[in-house]
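Me: Could you take a close look at one part of this model for me, the sheet and the loop inside it, and then tell me about the cysteines and a histidine too? Informal is fine.

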Amino acid sequence: MSVSKNHHAWQIASNISCLCWSQDRTRLALCPGNHEIHIYDTTNFTKCLDDEVPPLIQKLTDHTDLVTSLSWNDKFLVSVSEDRAAFVWHTIKWTPSRV
């Protein structure tokens, strides 16, 4: 893959079902094609080399089936899954509330 000097491509997962950036673009939430949600710290993403990936800072595993949607605001991450559950995650302690 050809990537310009101002853009980076990371091989984080081979199958991503959904992803969402935090509003300040310092964190990336994604589902690697299963029931998990991975949270990456992208604060210094412009300093990463193409063969590096941002650090994984949290793995959320409360869903039991494929996560299909993510939405983020300043304090909360919302996730929806094929398990018919929706969670609101408090992004300080990463505790879920089922809705």
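**A close look at the sheet and its loop**

Reply: Let's start with one pair: Val80 sits across from Ala86, a residue of β7. Keep in mind that this is a predicted model. The strands around that pair are β6 (residues 76-81) and β7 (residues 86-90), which run antiparallel and are joined by five bridges. Zoom out a little and β6 and β7 turn out to belong to an open sheet of four strands, ordered β5-β6-β7-β8, with antiparallel pairing. At the edges you find β5 (67-72) and β8 (95-98); each has a single partner strand, so one side of each has no neighbour in the sheet. From one strand to the next, the twist averages 25°.

Now for the loop. Between β6 and β7 comes a loop that holds Asp83. Asp83 is buried, yet it has no salt bridge. Arg98 offers the nearest side chain of opposite charge, but that is 5.7 Å away, and a salt bridge would need the atoms within 4 Å. What does the Asp83 side chain contact instead? One partner is His63, with a side-chain to side-chain polar contact of 3.2 Å. Another is the backbone nitrogen of Ala85, which the side chain of Asp83 reaches at 2.9 Å.

On to the cysteines. The disulfide count comes to zero here. Why is Cys20 not in one? Its closest cysteine sulfur is that of Cys18, and because the two sulfurs are 8.7 Å apart, they are too far for a bond; the cut-off is 2.5 Å. Cys31 is in no disulfide either: its nearest cysteine sulfur also belongs to Cys18, at 5.1 Å. As for exposure, Cys20 counts as buried at 14% relative accessibility, since the cut-off for buried is under 20%. Cys31 is buried as well, with a relative accessible area of 0%.

Last, the histidine. His38 has its place in strand β3 (residues 37-41). Is His38 buried or exposed? It counts as buried, with 11% relative accessibility. Its side chain makes a polar contact of 2.8 Å with the side chain of Glu36.

So if you're turning the model around on screen, try Asp83 in the β6-β7 loop, with its contacts to His63 and to the backbone nitrogen of Ala85. Then go to Cys31 and look for the sulfur of Cys18, 5.1 Å away.

Definitions and conventions. Residues are numbered from 1 along each chain as its sequence is written. This is a predicted model: local features need pLDDT of at least 70, side-chain atom pairs count only at pLDDT 80 or more; totals for chains, interfaces and linings use all residues. Side-chain values use heavy atoms; hydrogens and water are left out. Buried means under 20% relative accessible area, exposed over 50%, partly exposed in between (1.4 Å probe, protein chains only). Two strands pair if DSSP finds at least two bridges between them. Helices (H or I, at least four residues) and strands (E, at least two) are DSSP runs, numbered from the N terminus. Axes are lines fitted to C-alpha atoms, for helices over the stretch in contact, and angles run from 0 to 180 degrees between N-to-C directions. Lys and Arg count as positive and Asp and Glu as negative; His and the chain ends are not counted. A polar contact is a pair of N or O atoms within 3.5 Å; within protein, one must be able to donate a hydrogen and the other to accept it, and residues adjacent in sequence count only if both atoms are side-chain atoms.
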